[in-house]
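Got the viewer open? Here is a short tour, one selection at a time, with a note on what you'll find at each stop.

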Amino acid sequence: VQLVESGGGLVQAGGSLRLSCAASGRTFSRFAVGWFRQAPGKEREFVTVINWSGGSTYYADSVKGRFTISRDGANNTVYLQMNSLKPEDTAVYYCAAGDTVAEVTSRSGYWGQGTQVTVSS
C-alpha cells in the first residue's frame, strides 16, 4: 500500500485545513487509518485513528473537539478536518494504515511521507 498525504500548508491561528490521505496499491476500504504528527525536536505523536468501517474513531486529547477524521471508500481516501488550529498544531502530519486500529496505533503498519502544517500566531 502506498499512502500519499496532501492538503498541508500555512494557516493563521483559528483557521482550518483539511488533510487527505490517498491510497494506491491495495484497496483502502478494509484498513484502519490514522494520523500522527511530528513537530521539530519532538517525537512523533498519535493524533487520531478510524477503523475500517468508519464506525469507531479515537482522538488524542489535544485535538478532541477540533479535529475530525473521516473516510470516503469510493475515493479510497481518508480525511482529517482540522478546525480552530493553534500554533502548537504545527508539525509534519503523517498518514498510517494497518489491518487493525491496534496495528496503526502501535505504528507497525504502512506510512506516508508526510505533509507540513504550519499555524502562525
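Strands here are DSSP runs (E, at least two residues), numbered from the N terminus, and two strands pair if DSSP finds at least two bridges between them. Before you click on anything, note that this is a predicted model, in which local features need pLDDT of at least 70 and side-chain atom pairs count only at pLDDT 80 or more, while totals for chains, interfaces and linings use all residues. Residues are numbered from 1 along each chain as its sequence is written, and side-chain values use heavy atoms, with hydrogens and water left out.

**Stop 1: strand S11**

Select residues 115–120, which make up strand S11. Now add residues 9–12: this is strand S2, and S2 pairs with S11 in the parallel sense over four bridges. Bring in residues 91–98 too, since strand S9 is joined to S11 by three bridges and runs antiparallel to it. Which residues stand opposite Val117? From S2 comes Gly9, and from S9 comes Ala91.

Show the side chains of S11 next. In a regular strand, side chains alternate between the two faces of the sheet. Here Thr115, Val117 and Val119 point to one face and are buried, while Gln116, Thr118 and Ser120 point to the other face and are not. (Buried means under 20% relative accessible area, exposed over 50%, and partly exposed in between, using a 1.4 Å probe and protein chains only.)

Zoom in on Thr115. With a relative accessibility of 10%, Thr115 counts as buried. The Thr115 side chain reaches the backbone nitrogen of Gly8 at 3.3 Å. Leaving aside neighbours within four places in sequence, Thr115 is in contact (heavy atoms within 4.5 Å) with residues including Glu5, Ser6, Leu19 and Tyr93.

**Stop 2: the four-stranded sheet**

Over to an open sheet of four strands, in the order S1-S3-S8-S7 and with antiparallel pairing. S1 (2–6) and S7 (67–72) stand at the edges with a single partner strand each, so one side of each has no neighbour in the sheet. From one strand to the next, the twist averages 15°. (Axes are lines fitted to C-alpha atoms, and angles run from 0 to 180 degrees between N-to-C directions.)

Walk across it. S1 is joined to S3 (residues 17–24) by five bridges; pick Leu3 and you'll find its bridge partner, Ala23, in S3. On the other side, S7 and S8 (residues 77–82) pair over six bridges, with Asp72 partnered by Thr77 in S8. S7 and S8 form a hairpin with four residues between them, and Asn76 in the turn has a positive phi of about 55°.

**Stop 3: the cores**

Select Phe28, Trp35, Met82 and Tyr93. They have the most contacts inside the largest nonpolar core, which has 29 residues. (A nonpolar core is a set of buried Ala, Val, Leu, Ile, Met, Phe, Trp, Tyr and Cys residues joined through side-chain atoms within 4.5 Å.) At least two core residues come from each of S3, S4 (32–38), S5 (45–50), S7, S8, S9 and S11. Another core, of five residues, lies apart from this one, with Ala32, Phe36, Val49 and Ala96 among them.

While you're in S5, click on Ile50. Is Ile50 buried or exposed? At 2% relative accessibility, Ile50 counts as buried. Its contacts beyond four places in sequence include Ala32, Val33, Ile69 and Val78.

**Stop 4: the aromatic cluster**

Last, select Phe36, Phe46, Tyr94 and Trp111, which form one aromatic cluster. (Rings of Phe, Tyr and Trp, the last by its six-membered ring, pair if their centres lie within 6.5 Å; planes under 30 degrees apart count as stacked, over 60 as edge-to-face and the rest as tilted.) The structure holds four aromatic pairs. One of them is Phe36 with Phe46, edge-to-face at 5.8 Å centre to centre and 75° between the planes. Phe36 sits in S4 and Phe46 in S5, 10 residues apart. Phe36 is buried at 0% relative accessibility, whereas Phe46 is partly exposed at 23%.

Tyr94 and Trp111 are also edge-to-face, 6.4 Å centre to centre with 80° between the planes. Tyr94 lies in S9 and Trp111 in S10 (residues 110–111), so this pair ties together parts 17 residues apart in sequence. Tyr94 is buried at 13%, and Trp111 is partly exposed at 25%.

Notes
A polar contact is a pair of N or O atoms within 3.5 Å; within protein, one must be able to donate a hydrogen and the other to accept it, and residues adjacent in sequence count only if both atoms are side-chain atoms.
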